[in-house]
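Dear colleague,

Please find the structure below, together with its sequence. I would be grateful if you could read the notes that follow alongside it.

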Amino acid sequence: MGYFITFEGVEGCGKTTQIKLLSEFLVTRGMQTTLTREPGGCPIADKIRAILLDAENQALSPLSELMLYAAARAQHVTEVIAPALEAGKIVLCDRFCDATVAYQSFGRGIDRDVIDSLNLYACQGESPDLTVLVDCDPQLGLERARQRIEATSGPREERFELEALAFHQRVRAGYRQLAADEPDRFLIINGADTIEHIFDAISAQVVARIPEELRVVC
Ligand SMILES: Nc1ncnc2c1ncn2[C@@H]1O[C@H](COP(=O)(O)OP(=O)(O)O)[C@@H](O)[C@H]1O
Ligand SMILES: [Mg+2]
C-alpha cells in the first residue's frame, strides 16, 4: 500500500502552492507520486467541481452541496485515490474529507454525524495517513485568494470566497478542532509565513513521516 497525504486549510492559506512544491520535491527525488485535488481530480468529479465552485450557484442548498461533495469524492476515490494507493504511490490530495467537516459542519451547521457517515461511505475504506493543516487567519487567506482569482483567466471559482468572514472563521476553528482531536494524523503549519519557510517546514516534516519503503533518498 502507498501513503496518503492531504492538505487542508481556509481559502488562500497556500495549500495548492505548497502541495505542488512538495510534489515536485518528491518526484525529483524519484518517489512515485500522484498529485490530485478535491472537489474534482477526475473528469466526472471535475464536472461536479464546476457546479460547486461556480459563484452563480448562490441558490445551491447546504444539503445539495454536501451530497455533491460526497458524489465527487466517491468517484475520485474509485478512479484515482484507491488505485494509486494500491499501486504503492504517495498520494497528495489538495483537500479531502476534513474539508467537508470544516465547511459543511462547522461552517454551515449540518449535523456532524450525517457528514461523518457520508464521508465514511464515499471514502470506501481509504483515509489520510497524514494531513497538513496550513493554518492562517481567513482575512489574510481571503486577501491572497482574491488576488489569485483576479490574476487567473477561465471560470471564477469563488463561491466560497464570497461567504462572510464569520463563515471562514468557523471553518478555521473547525480545522483546528479536528487537528486537536487527531494530533498524530495532523501536522499544523503556520500559513502566515513566507512560501519558502512554509515549504522548508513541510518538506522536512513530511519526508520524515513517509514510510521507509516508499522513501527514496538520492
Ligand atoms: N505564504 C504565502 N505568502 C504570500 N502569498 C502566498 C503564500 N502562499 C500562497 N500565496 C499566494 O496566495 C495565493 C493563494 O495561494 P494558494 O496556494 O492558491 O491557496 P489555497 O490553495 O490554499 O487557496 C496565490 O496567489 C499564491 O501565490
Ligand atoms: Mg487551492
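The notes below describe the overall fold, one strand and the nonpolar cores.

This is a predicted model, in which local features need pLDDT of at least 70 and side-chain atom pairs count only at pLDDT 80 or more, while totals for chains, interfaces and linings use all residues. Residues are numbered from 1 along each chain as its sequence is written, chains are lettered from A and ligands numbered from 1 in the order in which they are written, and side-chain values use heavy atoms, with hydrogens and water left out.

The protein chain has 8 helices and 5 strands (DSSP runs of H or I, at least four residues, and of E, at least two, numbered from the N terminus). Their order along the sequence is β-α-β-α-α-β-α-α-β-α-α-β-α.

In strand 3 (residues 90-94), 5 of 5 residues are buried, that is, under 20% relative accessible area with a 1.4 Å probe, protein chains only. Ile-90, Leu-92 and Asp-94 point one way, whereas Val-91 and Cys-93 point the other. Strand 3 pairs in the parallel sense with strand 1 (residues 3-8) over 5 bridges and with strand 2 (residues 33-37) over 5 bridges; pairing requires at least two DSSP bridges. Tyr-3 is the bridge partner of Ile-90, and Arg-37 stands opposite Asp-94.

The largest nonpolar core (buried Ala, Val, Leu, Ile, Met, Phe, Trp, Tyr and Cys residues joined through side-chain atoms within 4.5 Å) holds 48 residues; Ile-5, Leu-22, Leu-26, Val-132 and Val-206 touch the most other members. A second, separate core of 10 residues includes Val-91 and Cys-93.

With kind regards

Notes:
Buried < 20%, exposed > 50% of the residue type's maximum accessible area, 1.4 Å probe, protein only.
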